[in-house]
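Here's a quick briefing to read with the model open beside you. Have a look at the fold, then work through the points below.

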Amino acid sequence: MIRIRTAGALAAGLLTATALAGCSDDSGGSGGDGSYTVGVANFTLSGPYFNGMDKAIEARAKKKGVEVRSTDAGGDAAKLAANVDDMLAKGVDAVIVSGGPLESAPAVLNAIKAAGKPAVLVDRKFQTGDYTSWIGPDNEAIGRQNGDFLLERLPDGGKVAIIKGGPADNSIGLARTDGVKQALDGAPGIELVEAPGFGDWTTDGGLKVMEDLLAAHSDLDAVFCENDAMCLGAQRAVADAGHEKDIVLAGVDGQTEAVKAILDGTNYLVTGLNDADEIGSLGLDRTVQILDGEETEKDTVVPAPMVTEDNAKKYYDPDGNF
């Protein structure tokens with residue numbers, strides 16, 4: 001089941017209702033008769049977010065009658081380029097690129113451009129290279145709204161730790177952390193502590209980094225993680241140390257397990273919705289629109305509402321892909 005989120009007033013200034021309606025149109029133009037074959041080039045499927053987005057693209061394509069050929073480069077940029085070359089050689093009509101933590105992929109974008117095919121980027125917008133269209137979140141805004149939430153939660157100040165996914169130049173993670181810092185840095189009584197190591201965007205990584213943080217800072221009041229997977233691991237470490245009543249957590253993405261933890265009233269208090277299901281679905285829709293010859297936006301920012309205990313029921317979907 002594909003989740004189409006409602007964002008209400010939070011969508012204002014980010015994405016027009018018209019753009020969303022266009023992306024979510026079930027008609028699919030001529031793509032609905034199975035005449036299109038779309039390649040999906042994944043840099044990695046090792047994380048739940050990217051795996052969920054890949055499944056969402058496949059489900060949306062099936063609904064529209066579009067054939068999808070998905071690949072996994074296993075985190076190898078050379079393999080990603082080879083996968084795209086193979087797709088193009090086999091005659092795909094367009095390529096959706098899910099870059100994961102990859103900052104640029106010049107060989108990939110150059111090959112797609114040389115073949116005269118559309119290149120649609122989902123979630124990750126590469127720092128360089130030509131692409132046809134991109135659909136993803138405003139990561140800095142997500143971080144800033146999490147920071148504002150924590151600031152309200154800590155009116156008397158407190159020590160807030162930040163867990164990064166890595167690597168050091170990851171622009172998505174940097175934008176999320178920068179947003180948190182904009183809200184918290186310099187606020188009265190707030191002390192920020194950045195974990196020295198990276199959590200690698202995984203639950204196990206977040207667990208290990210949180211254990212190290214607690215060993216050095218036993219007086220933490222809150223933790224911000226650059227994604228939910230790491231924060232779920234951090235939550236486990238906090239519980240193992242007996243600090244679940246002392247430390248609250250804030251994440252990003254809207255992973256099902258995180259939304260459930262928020263809904264259940266645990267110390268996981270907030271996440272910013274960067275919906276893998278929605279972005280994957282909209283990415284496939286955008287690709288079909290381009291192939292149908294429709295005029296589309298080059299860059300589309302998808303709304304990322306804040307999920308708290310007050311509205312978690314609205315966003316909880318145990319049957320979703322992510």
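What follows goes from the overall make-up to aromatic contacts, helix packing and a few backbone details.

Keep in mind that this is a predicted model. The protein chain has 11 helices and 12 strands, and 55% of its 322 residues count as buried. If you look at contacts between residues at least 6 apart in sequence, 78% of them join residues at least 24 apart.

**Aromatic pairs**

- A search of the whole structure turns up two aromatic pairs. In one of them, Tyr49 and Phe50 have ring centres 5.5 Å apart and planes at 90°, so the pair is edge-to-face.
- Tyr49 also pairs with Phe322, again edge-to-face, with 5.2 Å from centre to centre and 85° between the planes.
- That second pair ties together distant parts of the chain: Tyr49 is in helix 2 (residues 48-64), while Phe322 is in the segment after helix 11 (312-315), 273 residues away.
- Put together, Tyr49, Phe50 and Phe322 make one aromatic cluster.
- How buried is this trio? Tyr49 has a relative accessible area of 7% and Phe50 has 16%, so both fall under the 20% cut-off for buried. Phe322 is buried as well.

**Lysines over rings**

- Lys125 lies over the face of Trp134, 4.4 Å from the ring centre.
- Lys298 has its charged end over the ring of Tyr131, at 4.0 Å from the centre.

**Helix packing**

- Helix 7 (residues 203-216) and helix 8 (residues 228-240) have axes that come within 6 Å and cross at roughly 45°, so helix 7 is oblique to helix 8.
- The helix 7 and helix 8 crossing is right-handed. On the helix 7 side, the contact residues include Leu207, Met210 and Leu214; the helix 8 side includes Met230, Leu232 and Val238.
- Helix 5 (residues 139-153) packs on helix 6 (residues 171-184) at an angle of about 35°, with the axes 6 Å apart. This crossing of helix 5 and helix 6 is right-handed too.
- Among the helix 5 residues in that contact are Gly143, Gly147, Leu150 and Leu151, and they are joined from helix 6 by residues including Ile172, Ala175, Gly179 and Val180.

**Helix 9 and its surroundings**

- Which residues of helix 9 (residues 256-263) are buried? They are Thr256, Ala258, Val259, Ala261 and Ile262.
- Those buried residues pack against helix 8, strand 10 (268-273), strand 12 (306-307) and helix 11.
- After helix 9 comes Gly265, with a positive phi near 75°.

**Backbone details in loops**

- Gly166 and Pro167 are joined by a cis peptide bond, with omega about -10°. You'll find Pro167 in the loop between strand 6 (158-164) and helix 6.
- The loop between strand 7 (190-198) and helix 7 holds Asp200, a residue other than glycine with a positive phi, near 55°.
- Trp201 lies in the loop between strand 7 and helix 7, and its phi is positive as well, near 65°.
- Buried or exposed: where do Asp200 and Trp201 fall? Asp200 is exposed, at 52% relative accessible area, whereas Trp201 is buried, at 18%.

Conventions
Residues are numbered from 1 along each chain as its sequence is written. This is a predicted model: local features need pLDDT of at least 70, side-chain atom pairs count only at pLDDT 80 or more; totals for chains, interfaces and linings use all residues. Side-chain values use heavy atoms; hydrogens and water are left out. Rings of Phe, Tyr and Trp (its six-membered ring) pair if their centres lie within 6.5 Å; planes under 30 degrees apart count as stacked, over 60 as edge-to-face and the rest as tilted. Buried means under 20% relative accessible area, exposed over 50%, partly exposed in between (1.4 Å probe, protein chains only). Helices (H or I, at least four residues) and strands (E, at least two) are DSSP runs, numbered from the N terminus. A charge sits over a ring if NZ of Lys or CZ of Arg is within 6 Å of the ring centre and within 35 degrees of the ring normal. Axes are lines fitted to C-alpha atoms, for helices over the stretch in contact, and angles run from 0 to 180 degrees between N-to-C directions. Angles under 35 degrees count as roughly parallel, over 145 as roughly antiparallel, 65 to 115 as roughly perpendicular and the rest as oblique. A crossing is left-handed if the near helix is turned anticlockwise from the far one by less than a right angle, and right-handed if clockwise. Contact means heavy atoms within 4.5 Å.
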